[in-house]
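Biologist: I would like to learn how to read pockets, cavities and helices in a structure. Can we go through them one at a time?

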Amino acid sequence: MSWVIYRPDAVAVWREPVVRERLRWYYSVMRDEAPAKFHIAARVEAPADYSSMGDDELWKVHDELGRVFDEEWSRQRERPDISLVKRGLPGASFLDVKIELARRQLRRCMLCERRCGVDRTARAGACLLDARARVASYFHHLGEEAPLVPSGTVFFAGCNFRCVYCQNWDISQFPDSGVEASAGALAAIQVRLREEGARNINWVGGEPTPNIPHILESLRILAGRGVNVPQLWNSNMYLTPQGLSLILHVVDIWLPDFKYGDDSHALKYSVAPRYWEVTTRNFSVICRRREDIIVRHLVLPGHVECCTKPVLRWLAENCRHALVNIMDQYRPEYLVVKLNRYRELRRRVSEEEMEEAYRYADALGLAWREVTR
């Protein structure tokens with residue numbers, strides 16, 4: 001595998017000590033010096049009869065295997081052993097248990113905090129998707145944060161949010177724009193992207209959460225083939241604890257959005273009840289584990305005090321090892337330009353607003369310049 005350098009900063013960023021330290025695990029996997037976490041999960045042995053267990057019993061097994069995984073991951077972080085990716089797989093593994101639990105979700109889906117409970121094998125859930133994964137596109141993304149470029153990005157159709165300013169509304173709100181993709185197809189996409197030089201596989205959309213069962217199955221295929229590539233979770237983080245648990249042991253680097261500091265705005269602009277409670281709960285799990293993470297916060301016009309500052313303050317107090325991307329890419333899109341009820345968002349963020357956000361991040365001591373300059 002050889003990498004083509006598309007952006008000079010994609011190389012220069014790794015000279016930043018804070019980036020090398022805070023993304024140490026991702027860097028090792030990216031360079032094929034350590035096994036991706038899904039390889040570890042695929043080699044933690046599980047009981048042979050796991051598929052016949054009831055849900056409660058199987059979740060207990062999952063949690064027990066999670067502790068075994070954490071011990072091995074800790075060893076790999078200290079002394080990486082890339083030979084793991086070529087070892088044979090047990091008859092049943094931690095990854096197999098995750099796949100079984102995820103498949104059961106499709107019968108009564110509770111992967112995201114919509115908790116719609118829909119049998120997605122029969123009809124679409126709140127995410128607008130039935131049991132099939134639908135891929136809108138996949139390619140080497142050159143516009144992501146410097147440590148990620150070139151990023152092997154897989155855009156799923158469908159989403160559990162209804163963001164009125166969504167820049168990808170044509171795929172997030174219209175799942176038929178995507179092409180049905182089996183777990184085997186997702187595995188083939190990953191192999192191709194990695195062989196062509198992708199530093200990671202970037203699951204995004206829309207939203208990847210409804211597609212957890214298919215993603216996990218694709219990783220089982222890669223584990224059997226000995227393909228090593230970091231897994232990146234690019235998400236709104238509106239998962240249930242169960243949904244988060246299913247992906248926690250296979251994601252090498254997190255790229256979550258942290259959109260709102262005010263629940264009323266989350267409800268108005270994304271139809272996301274209890275946003276602060278749900279997202280900070282999920283962020284807390286990741287941050288306590290010291291997972292590699294780059295947090296994105298999109299500054300909205302007129303929302304520096306109510307949203308940007310609370311988000312940055314929470315990160316400073318609860319996730320200081322995170323790299324933070326304070327984004328100025330907002331532009332009026334989708335329903336904002338059509339409906340007067342959202343007219344306050346019909347402008348770009350001002351230079352003064354962005355400078356205020358940057359000053360506040362500096363005052364809090366957050367590491368944000370390293371991934372944005």
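Modeller: The turns below take the open pockets, then the enclosed cavities, then two helices. Bear in mind that this is a predicted model.

Biologist: How is empty space found, and how much of it lies in the largest pocket?

Modeller: Rolling a probe the size of a water molecule over the atoms shows where empty space is left. Here the largest pocket holds about 1,000 Å³ of space. Its lining has 41 residues, and those closest to the centre are Gln167, Asn168, Asp257, Arg296 and Met327.

Biologist: Which elements each supply at least two residues of that lining?

Modeller: Strand 7 (294-298), strand 8 and helix 15 (369-372) each do so. By class, the lining of the largest pocket divides into 15 nonpolar, 15 polar and eleven charged residues.

Biologist: What is the volume of the second largest pocket, and which residues line it?

Modeller: The volume is about 230 Å³. Glu21, Arg22, Arg24, Trp25, Ser28, Gln76, Arg77, Pro80, Arg290, Asp292 and His321 form the lining. Helix 2 (17-22), helix 3 (24-30) and helix 5 (55-78) each give at least two residues to it, and helix 3 gives the most, with three. Six residues of this lining are charged, three polar and two nonpolar.

Biologist: Now the enclosed spaces. How many cavities of 30 Å³ or more does the structure hold?

Modeller: A cavity is a space where the probe fits but cannot get out, whereas a pocket is open. The structure holds two cavities of 30 Å³ or more. The largest has a volume of about 70 Å³. Among the residues lining the largest cavity are Cys109, Cys112, Cys116 and Cys127, along with Arg114 and Arg120. Its lining has seven nonpolar, two polar and two charged residues.

Biologist: What lines the second largest cavity?

Modeller: That cavity holds about 50 Å³ of space, and its lining consists of Trp203, Ile215, Leu219, Gln231, Leu232, Trp233, Ile247, Val250 and Val251. Helix 9 (212-225) and strand 5 (231-233) are the elements that give two or more residues to this lining. The largest share, three residues, comes from strand 5. Eight residues of the lining are nonpolar, one is polar and none is charged.

Biologist: Let us turn to helices. Which residues of helix 14 are buried?

Modeller: Buried means under 20% relative accessible area, and exposed means over 50%. In helix 14 the buried residues are Glu353, Met354, Ala357, Tyr358, Tyr360 and Ala361. They cover an arc of only 160° around the axis, which puts them on the same side of helix 14. The face turned away from that buried side carries the exposed residues Glu351, Glu352 and Ala363.

Biologist: What covers the buried residues of helix 14?

Modeller: The cover includes helix 13 (304-318) and strand 8 (323-327). Just after helix 14, Gly365 takes a positive phi of about 80°.

Biologist: How does the length of a helix compare with what is expected, taking helix 14 and helix 13?

Modeller: The check sets the distance between end C-alpha atoms against 1.5 Å a residue. Helix 14 (residues 351-364) has 14 residues and reaches 20 Å, close to the 20 Å expected. Helix 13 has 15 residues and should span 21 Å; its end C-alpha atoms are 20 Å apart, which agrees.

Biologist: Which elements cover the buried residues of helix 13?

Modeller: They include helix 11 (263-270), helix 12 (275-288), strand 7, strand 8 and helix 14. The buried residues of helix 13 include Cys307, Lys309, Pro310 and Trp314.

Notes:
Residues are numbered from 1 along each chain as its sequence is written. This is a predicted model: local features need pLDDT of at least 70, side-chain atom pairs count only at pLDDT 80 or more; totals for chains, interfaces and linings use all residues. Side-chain values use heavy atoms; hydrogens and water are left out. Helices (H or I, at least four residues) and strands (E, at least two) are DSSP runs, numbered from the N terminus. The expected span of a helix is 1.5 Å times one less than its number of residues. Buried means under 20% relative accessible area, exposed over 50%, partly exposed in between (1.4 Å probe, protein chains only). The arc is that of the directions from the helix axis to the C-beta atoms. Contact means heavy atoms within 4.5 Å. On a 1 Å grid over the protein atoms alone, a cavity is a set of points where a 1.4 Å probe fits but cannot get out, and a pocket is an open set with protein on both sides within 12 Å along at least five of seven lines; lining residues have an atom within 4 Å of a point. Grid points are joined across faces, edges and corners, and a volume is the space filled by probe spheres set on the points. Ala, Val, Leu, Ile, Met, Phe, Trp, Tyr, Cys and Pro count as nonpolar, Asp, Glu, Lys and Arg as charged, and the others, Gly among them, as polar.
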